Amino acid sequence: MASVAFALATSTAFAGAGHDGGHGGGHAAMMGQSGNPAKADRVIEVSMTEMAFEPSNIQAMEGETITFVVSNDGEFVHEFNLGTERMWQGHIDEMKKMMETGMMTVDEVNHDKMMQAGMMHDDANSVLLEPGQTAKVTWTFGKKTEMGFACNVPGHRESGMVGDITFVKRVLPSS
């Protein structure tokens, strides 16, 4: 199961290609794109617990590539999704359908059911993890824009499981 999560997290298909749903769509150019893990500028570990991310604020620079090592240290299924409020709002119905049809429960993800329904949740800016799983998301940030990260499992974002991305200017090394 962990290998499936890793494969989902490291997919090179761009998030939301062809639609403006919960993962990408029209915001893609501003947010950035899937990054090459071998060319990451840095690695940030992110822990997901019940209704919280640690850290809850991450600084990024335009054009920077960050590999996020995301661990679900909670008791429930959680998602790490780089996006915008508009994208997350557009993703609500898909996530509710996943819960209602048994593609995921509070503590499990049924990848077979997701595949059968064509809802593999394999976007490059997102990873959906069961308790105890860890996966990587590598992202190259685009232009400074309003974005963050959230858990779109029904009720989680609404309960405050959201983090901020703050864009900072590059600092040149002193001579």
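This section describes the sheet, a helix, the nonpolar core and the salt bridges of a predicted model.

An open sheet is built from five strands, in the order 1-8-5-2-3. The pairing within this sheet is mixed. Strand 1 (32-34) and strand 3 (52-54) form the edges, and each pairs on one side only. From one strand to the next, the twist averages 30°. Strands of a sheet pair through backbone hydrogen bonds, either parallel or antiparallel. Strand 2 and strand 3 run antiparallel and are joined by three bridges. Within this pair, M48 has F53 of strand 3 as its bridge partner.

A further antiparallel pair involves strand 6 (residues 78-83) and strand 7, joined by four bridges. Here H78 stands opposite L129 of strand 7. Strand 7 covers residues 126-129. Its side chains alternate: S126 and L128 point one way, while V127 and L129 point the other way. All four residues, S126, V127, L128 and L129, are buried.

Helix 3 comprises residues 85-100. Its 16 residues should span 22 Å at 1.5 Å a residue, and the end C-alpha atoms are 23 Å apart, which agrees. The helix is nevertheless bent, by about 40° at I92. Its buried residues are M87, W88, H91, M95 and M98. Just after helix 3, G102 adopts a positive phi of about 80°.

The largest nonpolar core contains 37 residues. Those that touch the most other members are F68, F80, L82, L128, F141 and I165. Several elements contribute to this core. Strand 2, strand 4, strand 5, strand 6, strand 7, strand 8 (134-141), strand 10 and helix 3 each supply at least two residues. Strand 8 gives the most, with four residues. One of the residues with the most contacts, L128, belongs to strand 7, where L128 points the same way as S126.

Two salt bridges are found in a search of the whole structure. One joins R42 to E64, with the closest N and O atoms 2.5 Å apart. R42 lies in strand 2 (residues 42-49), whereas E64 lies in the loop between strand 4 (57-60) and strand 5 (65-72). The pair therefore ties together parts that are 22 residues apart in sequence. The two partners differ in exposure. R42 is partly exposed, with a relative accessible area of 31%. E64 is buried, at 2% relative accessibility, because buried means under 20% relative accessible area.

The other salt bridge links R157 and E85, whose closest N and O atoms are 2.9 Å apart. R157 sits in the loop between strand 9 (148-150) and strand 10 (162-167), and E85 is in helix 3. This contact therefore ties together parts that are 72 residues apart in sequence. In this pair the arginine is the buried partner: R157 has a relative accessible area of 9%. E85 counts as partly exposed, at 45% relative accessibility.

Methods: Residues are numbered from 1 along each chain as its sequence is written. This is a predicted model: local features need pLDDT of at least 70, side-chain atom pairs count only at pLDDT 80 or more; totals for chains, interfaces and linings use all residues. Side-chain values use heavy atoms; hydrogens and water are left out. A salt bridge is a side-chain nitrogen of Lys or Arg within 4 Å of a carboxyl oxygen of Asp or Glu. Buried means under 20% relative accessible area, exposed over 50%, partly exposed in between (1.4 Å probe, protein chains only). Two strands pair if DSSP finds at least two bridges between them. Axes are lines fitted to C-alpha atoms, for helices over the stretch in contact, and angles run from 0 to 180 degrees between N-to-C directions. The expected span of a helix is 1.5 Å times one less than its number of residues. The bend at a residue is the angle between axes fitted to the seven residues ending there and the seven starting there. A nonpolar core is a set of buried Ala, Val, Leu, Ile, Met, Phe, Trp, Tyr and Cys residues joined through side-chain atoms within 4.5 Å.
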